Amino acid sequence: MSREIVLAVRPEGIPRESDFELREVEDASPAEREVLVRNVFVSVDPYMRGRMTGVRTYVPGYDVGDPIDGGAVGRVVESRDEAFAPGDWVVSTLGWRDQGVIAANRLRKVDTTLGPPSTALGMLGMPAFTAWIGLVEIGRVEEGETLYVSGAAGAVGSAAAQIAKLNGLRVIGSAGTPEKVEWLHSLGIEAFDYHETRPRDALADGIDAYFDNVGGEQLEAALTALRPHGRVIACGAISRYNDARAEPGPRNLFLMVTKRLRLEGFIIFDHNARFPEFLAEVAPWVRDGKLQYRETIVDGIENAPSAFAGLFRGENVGKMLVRVGPDG
């Protein structure tokens with residue numbers, strides 16, 4: 001038997017542990033072209049909150065009783081596909097469970113010479129890939145410009161801030177605790193605590209582009225601060241994910257017209273073909289220590305719900321992960 005986390009009820013507001021259930025399931029054996037994978041790290045990501053409403057957006061919603069699938073990295077236990085062998089490190093979408101069987105064509109091998117396996121869910125995985133695509137494809141940022149990144153101490157935000165800095169931009173970042181601001185300062189990022197400083201005051205000198213992970217007040221402040229022909233890279237709006245009803249705003253959206261701004265949202269799955277290009281550029285920065293990362297690790301699959309809720313309370317610095325089992 002192994003364990004998995006399922007959605008017990010649809011959350012209201014910030015998710016609670018009681019919204020989920022730990023369930024034991026009988027282990028399965030892989031069929032032809034399938035692989036049995038033992039998870040080592042599983043990811044908790046803000047986008048999962050929207051899936052818990054049951055509404056399909058760019059991915060299907062979770063039904064009550066469904067296991068929580070999502071990003072995971074682990075090792076092959078048994079393979080019925082010649083592309084994978086026992087012991088291989090792989091990234092999957094098995095999500096919040098000890099182990100599971102998955103089709104081989106839904107797995108990606110992890111090159112552990114590039115970094116620890118956990119980075120395949122963070123600085124060498126989807127979060128940093130999202131940051132990279134947002135900057136180079138959506139925002140088309142250029143050396144010498146000023147970029148504002150909200151949620152700059154999170155998994156996506158910290159990657160966006162540093163990649164932009166490495167490409168010669170001036171970067172301003174917001175975060176929610178003094179510890180996070182201090183870390184950003186150590187990376188050469190101009191950072192402020194949005195609990196202590198109003199974003200509109202911190203951005204008074206103006207910006208050329210905004211990487212939005214937060215929405216709400218910070219989006220409004222950025223629209224005011226953007227210079228003519230500025231860009232909004234609309235990645236997320238975590239400040240609104242737990243709202244019981246949609247709030248009006250931004251109230252200054254008319255600035256899109258008067259300043260000739262461009263606001264563009266994107267979904268990283270649409271850009272998967274560029275992942276090798278991303279890895280070729282970013283992996284050497286990680287290897288050489290030019291691109292720093294932090295991981296907030298919670299132990300035990302049973303603690304995945306509390307780790308997930310912690311995202312919305314700002315408890316993570318960098319990537320939030322749940323360690324399911326030993327990595328040896």
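This briefing describes the main structural features of a predicted model. Two parts of the fold receive most of the attention: an open sheet of six strands with parallel pairing, and strand E3, which pairs in the antiparallel sense with E6, with E4 and with E15. Helix H2, covering residues 126-139, gives the most to the largest nonpolar core, with seven residues.

**The six-stranded sheet and its helices**

- The strands of this open sheet follow the order E10-E9-E8-E11-E12-E13, and their pairing is parallel. At its edges are strand E10 (190-193) and strand E13 (262-265), each of which pairs on one side only.
- On average, neighbouring strands of this sheet are turned by 15° against each other, when direction is ignored.
- Within the sheet, strand E8 (residues 146-149) and strand E9 (residues 170-175) are joined in the parallel sense over four bridges, and Leu-147 has Val-171 in E9 as its bridge partner.
- Helix H4 (residues 178-186) packs on the sheet, where it touches E9 and E10, and its direction makes about 175° with that of E10.
- Helix H6 (residues 216-225) lies across E8, E9, strand E11 (207-212) and strand E12 (226-234), and it runs at about 150° to E12.

**Helix H2**

- Helix H2 does not run straight throughout, since it bends by about 30° at Ile-133.
- Of the 14 residues of H2, 11 are buried, so the helix is largely enclosed by the rest of the structure. Among them are Phe-129, Trp-132, Leu-135 and Ile-138, together with Ile-133, the residue at the bend.
- Just after H2 comes Arg-140, which takes a positive phi of about 45°.

**The nonpolar cores**

- The largest nonpolar core holds 42 residues, and the members that touch the most others are Leu-135, Leu-147, Val-149, Leu-184, Phe-211 and Val-282.
- At least two residues of this core are supplied by each of H2, E8, helix H3 (155-166), E9, H4, E11 and helix H8 (275-287), and among these contributors H2 gives the most, with seven residues.
- Once its neighbours within four places in sequence are left aside, Leu-184 is in contact with Ala-152, Ala-153, Ala-175, Ile-189 and Ala-191.
- A second core, separate from the largest one, has 20 residues, and these include Met-48, Ile-301, Phe-308 and Met-320.

**Strand E3 and its partners**

- Eight of the 10 residues of strand E3 are buried, so this strand is largely enclosed by the rest of the structure.
- E3 and E6 pair in the antiparallel sense over five bridges, and in this pairing Val-37 stands opposite Gly-100 in E6.
- E3 also runs antiparallel to strand E4 (residues 72-79), to which seven bridges join it, with Asn-39 standing opposite Gly-74 in E4.
- The pairing of E3 with strand E15 (residues 319-323) is likewise antiparallel and extends over three bridges, and here Phe-41 stands opposite Arg-323 in E15.

**Aromatic pairs**

- A search of the whole structure finds 11 aromatic pairs. In one of these pairs, the rings of Trp-96 and Phe-308 have their centres 5.7 Å apart and their planes at 65°, so the pair is edge-to-face.
- Trp-96 lies in the loop between strand E5 (89-92) and strand E6 (99-103), whereas Phe-308 belongs to helix H9 (residues 304-312), so this pair ties together parts that are 212 residues apart in sequence.
- Both Trp-96 and Phe-308 are buried, and together with Phe-20 and Phe-312 they form one aromatic cluster.

**Arginines with positive phi in loops**

- Arg-33, placed in the loop between strand E2 (20-25) and strand E3 (34-43), has a phi near 70°, which is a positive value in a residue other than glycine.
- Arg-260, found in the loop between helix H7 (255-258) and E13, has a phi near 55°, again a positive value in a residue other than glycine. This residue is partly exposed, with a relative accessible area of 48%.

Methods. Residues are numbered from 1 along each chain as its sequence is written. This is a predicted model: local features need pLDDT of at least 70, side-chain atom pairs count only at pLDDT 80 or more; totals for chains, interfaces and linings use all residues. Side-chain values use heavy atoms; hydrogens and water are left out. The bend at a residue is the angle between axes fitted to the seven residues ending there and the seven starting there. Buried means under 20% relative accessible area, exposed over 50%, partly exposed in between (1.4 Å probe, protein chains only). Two strands pair if DSSP finds at least two bridges between them. Axes are lines fitted to C-alpha atoms, for helices over the stretch in contact, and angles run from 0 to 180 degrees between N-to-C directions. Contact means heavy atoms within 4.5 Å. A nonpolar core is a set of buried Ala, Val, Leu, Ile, Met, Phe, Trp, Tyr and Cys residues joined through side-chain atoms within 4.5 Å. Rings of Phe, Tyr and Trp (its six-membered ring) pair if their centres lie within 6.5 Å; planes under 30 degrees apart count as stacked, over 60 as edge-to-face and the rest as tilted.
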